[in-house]
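Colleague: I am new to this model. Please choose one residue, start from its contacts, and walk me closely through the part around it.

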Amino acid sequence: MVFTYRNTPEQDVVIDLPDGKKIHGILRGSLTDSRPVAIIVHGRPGTANELLPFLAAHYLHEQEINSLRLFLYDFAPDYRNIMDTTLDTHAADFKVVVDYLRSQGVKKIFATGHSYGGLTILRSKAHLDAAVLWDPTHGSVFTEKFDNPNYPKQYTDDIVYISTGCGFFYPRIQDNYDHELGDNSTWARHKGYPLKFISAGKGILAPYVQSYYEQADEPKSIVNIPDAHHQFDDSDEVIEQLFHETLLWFNKFKDQRV
């Protein structure tokens, strides 16, 4: 399938959260036509305007699936700040977004989440019509893989700084939370909707993604992209395979009642 880039108008969607905060999304397409809407959830730390969610929104819209790519945190003062959030915050906010789309009359709601975004979807109690998780993070990784000299950390009372590669910050409260997760493979059980897992063959998460798949109920699917690292930005072929596999799953349930 050829991925052609078309300029399509987008619009901001701002949804009220129960605690007075708001969550921001970018809608490509419409909430009022007959097309499904796919919620695209970025990893941590991340943004809805990173390469992967941005291109995915374009790709899916070309294939007649609207998209809402979320900012789990954003710059405006009434949005979330990454320093004040944990996975449970993200999961609860995600459910609010799904409920909002249902209230707007969207008939089919799909979701895809990359890395910590996949973990967010698994943690959430939201009911979807199908989901595809791109190399989702797993609780065991934080103790089995990340606590080693290749991922040096510096701590303050409130902040963790991972000083590898370009480095990044995130809240100490979330680091503590992550280390308490342990083997959360059972989160894939009894979701009530079809799950597809896509792992990166050159990353470190593939065995953990397999463990999610083994716990998930039917219908389910798993695909490994051998030439992919965790970000799936290795080549045009890798990105197109990622998006194509995602589209196959969504199309399978486009017209089915789950």
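**Leu128 and its surroundings**

Modeller: Start at Leu128. Beyond the residues up to four places away in sequence, Leu128 touches Phe94, Val98, Arg102, Ile109, Ala111, Ile121 and Tyr193. Touching, or contact, means heavy atoms within 4.5 Å. Two notes on the ground rules. This is a predicted model, so local features need pLDDT of at least 70 and side-chain atom pairs count only at pLDDT 80 or more, while totals for chains, interfaces and linings use all residues. Residues are numbered from 1 along each chain as its sequence is written, and side-chain values use heavy atoms, with hydrogens and water left out.

Leu128 belongs to the largest nonpolar core, which has 48 residues. Such a core is a set of buried Ala, Val, Leu, Ile, Met, Phe, Trp, Tyr and Cys residues joined through side-chain atoms within 4.5 Å. Buried means under 20% relative accessible area, exposed means over 50%, and partly exposed lies in between, with a 1.4 Å probe and protein chains only. Five members touch the most other members: Leu128, Ile39, Phe94, Ile121 and Leu195. Helix α2, residues 87-103, gives the most to this core, with 6 residues. Helices here are DSSP runs of H or I with at least four residues, strands are E runs of at least two, and both are numbered from the N terminus. Another core lies apart, with 27 residues, including Ile40, Ile65, Ala200 and Phe250. In general, nonpolar side chains in soluble globular proteins tend to be buried together.

Next, follow Ile109 and Ala111, two of the contacts of Leu128. Both are buried on one side of strand β5, along with Gly113. The other side holds Phe110, Thr112 and His114, buried too. So how many residues of β5 are buried? The count is 6 of 6.

What pairs with β5? Strands pair if DSSP finds at least two bridges between them. β3 runs parallel to β5, joined by 5 bridges. Here Ile39 stands opposite Ala111. That brings two names back: Ile39 is one of the core members with the most touches, and Ala111 is a contact of Leu128. β6 also runs parallel to β5, again with 5 bridges. Gly113 has Leu133 of β6 as its bridge partner.

Go one strand further. β6 (residues 130-134) pairs with β10 (residues 195-200) in the parallel sense, over 4 bridges. Ala131 is matched there with Leu195 of β10. Leu195 is another of the well-connected core members.

Now step back to the whole sheet. It is open and has 8 strands, in the order β1-β2-β4-β3-β5-β6-β10-β11, with mixed pairing. At the edges are β1 (10-16) and β11 (220-225), each paired on one side only. Neighbouring strands are turned by 20° against each other on average, direction ignored. Axes are lines fitted to C-alpha atoms, for helices over the stretch in contact, and angles run from 0 to 180 degrees between N-to-C directions.

Helices lie against this sheet. α3 (residues 116-123) lies across β3 (37-41), β5 (109-114), β6 and β10, at about 135° to β5. α6 (residues 206-215) packs on the sheet too, touching β10 and β11, and its direction makes about 170° with that of β11. The buried residues of α6 are Ala206, Tyr208, Val209, Ser211 and Tyr212. Their cover includes α3, α4, β10 and β11.

One more residue ties in from outside the sheet. Leu181 lies in helix α5, residues 172-181. Leu181 counts as buried because its relative accessible area is 17%. Beyond its neighbours within four places in sequence, Leu181 is in contact with Leu87, Leu119, Gly139, Phe142 and Trp187. The C-alpha atoms of Leu181 and His138 are 8.4 Å apart, though 43 residues separate the two along the chain.

α5 also lies across β7, β8 and β9, at about 80° to β9. Those 3 strands form a second open sheet, in the order β7-β8-β9, with antiparallel pairing. β7 (153-155) and β9 stand at its edges with a single partner strand each, so one side of each has no neighbour in the sheet.
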